[in-house]
Amino acid sequence: MTARTDNAGRAPCPDVDALRRAFPALASGVVFLENAGGSQVPACVADAMHRYLRETYVQLGAGHPLSRRCTATVDAAHAFARTFVHARRGHAILGSSTTVLLNMLASCYAQVLKPGQEIVLAETGHEANLGPWKRLERIGVKVRWWRVDPATFTCPLDGLRELLNEKTALVALPHVSNLLGGIVDLPAIVALAHAAGARVVADGVAFAPHRAIDVEAWDVDWYVYSTYKVFGPHMAVLYGREDALAELPGPNHDFIPRNDLPYQFEPGGANHEGCAGLLALGDYLKLLAGAGPDAAVDRPLVETAFAHATALEQPLTARLLDYLGSKPGVRVIGSPVADDQRVGTVSFTHERLSSREIVAAVDRTEIAIRNGHMYAYRLCGELGIPVEDGVVRASFVHTNTMREIERLLEVLDGIL
Ligand SMILES: Cc1ncc(COP(=O)(O)O)c(C=O)c1O
């Protein structure tokens, strides 16, 4: 792939091989196509965590210089996360995973929701954004399912319209399903939910590695993603809009002021060395954006970096989808078109071969893919997919290459 200027006239998109050199693991020869499960990290992230542990591993908030440095790192990581999601009217809460953060959020809502109030759950959701809300049925909250249309692999807006009413407190949905790969119209969903007086909890885990998050533009109340799927340490970020945060009691100690945000929602604090790694991701984003090492890590930089990521990824998705479309017996689970509304997470099943068989054969090569329900358990059931066998999923990020995709297709050709 050669360098090029992107359509918006921003800095040229770097060569993919130059980007790959930033990731030590990519030199191993393994073809990483299980990125929706977790991505690799650039050396700058790994080095920053290593350095933090060796040089500044003390507790926050004391007056001595080392502690002041640690506190500054953790504060700067929060600021980075706010820039990353474009949080102008809210806070970035750091936690150990999306599952943990959503459980925490649901336990906060359990204290303010009343019996008879309703929560709408999209059937396309990952269990992390379903289970915590379903468990609120124990306090008398009613769950209403926003049904998936198996023909289009989407939850239609009309379906949501029919479910919303004055009792609806929350709508929980994935911005992108980790099985289907399609990007939903989040601003339209938020507008509908807000018109009914409901808050929106969007799971951005499968979106975040591929596009720039913009909670400000989407006006969403809660937005969560896992940093370990976006070239960072094993953590997660939960954005909460100011007014949504103000409605909830945080889970931290009683003596911590309610307006001490985001700390009120970070019981035990954030992972400190993880914060160092998260912050260092800014250096990689500079490279991806084609900016110099002295560039500021600001919104334009984040947006340019992800515009480049999209441009690098889309041809790979198109190639795999074209190939699968040409294979008799293959059912692509999700949109078959590699357009702007789709990320490079591609799932399929085969009418004769089990997903397990296909992946077992691929596993014998140095290509990492996966089969299963991927915790989109309900979705698999609704789509008539045997849940334990699930789908075959290959998921790309911008550091994958066409050479790697051709290798996968060669192996698949021998199996299908
Ligand atoms: C779409 C989606 N949501 C939520 C999660 C859960 O994320 P975590 O592992 O950070 O709890 C995943 C993990 O694979 C996911 O793909």
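These legends go with four close-ups of a predicted model.

**View 1. The two domains and where they touch.**
The domain assignment splits the chain into domain 1, made of 4-41 + 299-415, and domain 2, which covers 50-280. Their C-alpha centres sit 25 Å apart. Where they meet, 33 residues of domain 1 are in contact with 31 residues of domain 2. On the domain 1 side, at least two residues each come from α11 (299-325), β12 (345-350), α13 (377-382) and β15 (391-395). Helix α11 puts in the largest share of that side, with 7 residues. Sorted by class, the side of domain 1 that touches domain 2 has 16 nonpolar, 10 polar and 7 charged residues.

**View 2. Helix α11 alongside helix α14.**
Here's α11 again, this time with helix α14 (residues 402-415); their axes come within 10 Å and cross at roughly 15 degrees. Angles under 35 degrees count as roughly parallel, so that's what we call α11 and α14. The crossing is right-handed. From α11, the contact uses Pro315, Leu316, Arg319, Leu320 and Tyr323, while α14 brings Met402, Ile405 and Leu409. Count up the classes in this contact and you get 7 nonpolar residues, no polar ones and 1 charged.

**View 3. Helix α3 crossing helix α10.**
Now zoom in on helix α3 (residues 65-85) and helix α10 (residues 272-289), whose axes come within 8 Å and cross at roughly 50 degrees. That angle makes α3 and α10 oblique to each other, and their crossing is left-handed. On the α3 side, look for Cys70, Thr73, Val74, Ala76, Ala77, Phe80 and Ala81. They meet His272, Cys275, Ala276, Leu278, Leu279 and Gly282 of α10. The contact of α3 with α10 is built from 10 nonpolar and 3 polar residues, with no charged ones.

**View 4. The shell around the ligand.**
Last up is the ligand and the residues that surround it. Going along the chain, you'll find Ser97, Thr98 and Thr99, then His126 and Ala128, then Pro174 and Asn178. The rest of the shell is Asp203, Val205, Ala206, Ser226 and Ala236. By class, the shell around the ligand has 5 nonpolar residues, 6 polar and 1 charged.

Key
Residues numbered from 1 in each chain as written. Predicted model: local features only at pLDDT ≥ 70, side-chain atom pairs only at ≥ 80, totals over all residues. Axes fitted to C-alpha atoms, helices over the stretch in contact; angles between N-to-C directions. Helix = DSSP H or I, 4+ residues; strand = E, 2+ residues; numbered from the N terminus. Parallel < 35°, antiparallel > 145°, perpendicular 65-115°, else oblique. Left-handed = near helix turned anticlockwise from the far one by under 90°. Contact = placed C-beta atoms within 7 Å. Nonpolar A, V, L, I, M, F, W, Y, C, P; charged D, E, K, R; others polar. Near = placed C-beta within 6 Å. Domains from an automatic or database assignment.
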